[in-house]
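Let's walk through this one together, starting at the ligand and ending with the cysteines.

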Amino acid sequence: MSENKLLAHLRATIRADGPISVAHYMGEALLHPRWGYYPRRDPLGRDGDFITAPEISQCFGELIGAWCAVAWELMGAPTPVDLVELGPGRGTLMADALRAIGKAKPALIKAMRIRMVEASPALRVIQERTLSGLPATWHDDVSSLPPGKLLLIANEFFDALPIRQIARGPQFWHERMVALDEAGGLCFAVSPAPTPLGNAIDASLANAPPGSIVEIAPAAIAIVRALASRLAEDGGVALIVDYGHAEPAAGDTLQAVRAHKYADPLAAPGEADLTAHVDFAALARTARDAGCTVHGPATQGAFLTALGIEARVDILARNARSPEQAERVRSGARRLIDAAEMGTLFKAMAVAHPSIPPLPGFEPAD
Ligand code: SAH
């Protein structure tokens with residue numbers, strides 16, 4: 001097996017500067033321009049490492065497209081409007097959503113500009129192919145999106161953003177770092193000095209017992225803060241779908257997945273997908289503080305059911321070319337909504353300008 005160049009680079013960094021934060025590690029492992037995970041590959045699908053809702057069932061993107069059409073009406077049908085997707089993977093969700101929008105609300109197709117926020121050059125190429133012929137533009141990050149009214153979607157984007165971990169010691173909070181073991185491999189080590197990050201954790205976790213690990217997601221919070229201030233100023237909505245918890249929770253949720261199996265997150269940096277649970281409560285608090293209303297979170301099962309996934313599946317199954325294809329349609333949709341699969345762990349949450357009335361799929365906003 002060839003030498004892992006990112007591991008060699010991280011080892012040199014740690015030897016020179018000392019242990020690095022989990023966020024530093026995650027950022028390099030996922031997005032290092034030469035040796036990072038995303039910039040070089042298509043990680044999705046059966047031959048890749050993991051699979052996401054839009055790759056499981058076309059219903060997912062279609063229902064989100066229909067949701068966008070209603071949200072746009074509730075915004076007052078502004079023209080122009082930016083339809084933005086964060087971390088679009090293969091572009092499948094956007095393609096399915098556009099098909100549904102074209103049917104439900106052709107006027108929105110005319111009014112919108114498609115903007116894809118994607119850090120990976122390899123995935124951009126695939127997205128361009130998926131959307132071929134459509135007038136889309138690509139952005140490296142949300143900070144380069146021009147001002148204006150927004151309809152934004154993000155599926156399994158926030159779980160890929162770097163987290164920091166803090167561990168409760170007998171007296172203080174200490175940051176959990178990535179260090180070197182005696183053999184020169186990567187290992188976790190708790191920093192001996194207390195960390196002021198203890199002040200950043202939710203008050204309900206402040207008295208967690210020694211040994212507890214609490215995660216904070218500065219990158220996710222910064223993006224939601226920027227988006228929410230924009231939404232509060234210019235108008236619009238953002239729909240976030242991801243896996244994670246609705247209430248603050250302690251626990252180490254950093255996970256690596258390679259070829260559809262869990263792996264050691266430190267074993268092969270850049271070769272496995274790394275994600276962590278999304279803390280919806282922290283994102284909701286950030287959005288409210290920036291002047292937005294928060295709708296949900298609802299479980300993905302409840303959200304898709306309220307949007308009519310069952311009726312959509314019936315139509316697709318009826319029009320299927322064979323009984324086997326009809327069964328594939330049904331089992332794909334079940335995977336999205338079943339509690340034992342993605343139905344409960346995954347959540348949907350919308351962040352909106354306060355003038356926007358209750359949005360489909362959610363109980364009335366708080
Ligand atoms: N939304 C897609 C893909 C999810 S995988 C789906 O549901 O299938 C995560 C996506 O986010 C990939 O496209 C990845 O390249 C992108 N990504 C990860 N970190 C990013 C960052 N910091 N900025 C922009 N895109 C990022």
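**Around the ligand**

The side chain of Thr 52 puts an N or O atom 2.6 Å from an oxygen atom of the ligand, which is a polar contact (a pair of N or O atoms within 3.5 Å). Keep in mind that this is a predicted model, where local features need pLDDT of at least 70, side-chain atom pairs count only at pLDDT 80 or more, and totals for chains, interfaces and linings use all residues. Residues are numbered from 1 along each chain as its sequence is written, and side-chain values use heavy atoms, with hydrogens and water left out.

The backbone joins in too: Gly 87 has an N or O atom 2.7 Å from a ligand nitrogen, and a backbone N or O atom of Ala 119 sits 3.3 Å from a nitrogen atom of the ligand. On its own the ligand has 570 Å² of accessible area, and the protein covers 94% of that (Shrake-Rupley method, 1.4 Å probe).

Who else is around? There are 18 residues around the ligand, and Thr 52, Gly 87, Gly 89, Glu 118 and Asn 155 come nearest (near means a heavy atom within 4 Å). This shell splits into 10 nonpolar, five polar and three charged residues, with Gly counted as polar.

**The cysteines**

How many disulfides does the count come to? Zero, taking a disulfide as two cysteine sulfur atoms within 2.5 Å. The sulfur of Cys 59 has its closest cysteine sulfur in Cys 68, 16 Å away, so the two are too far apart for a bond. Cys 59 is buried at 1% relative accessible area, and Cys 68 is buried at 1% as well (buried means under 20%, with a 1.4 Å probe and protein chains only).

Methods. A polar contact is a pair of N or O atoms within 3.5 Å; within protein, one must be able to donate a hydrogen and the other to accept it, and residues adjacent in sequence count only if both atoms are side-chain atoms. Buried means under 20% relative accessible area, exposed over 50%, partly exposed in between (1.4 Å probe, protein chains only).
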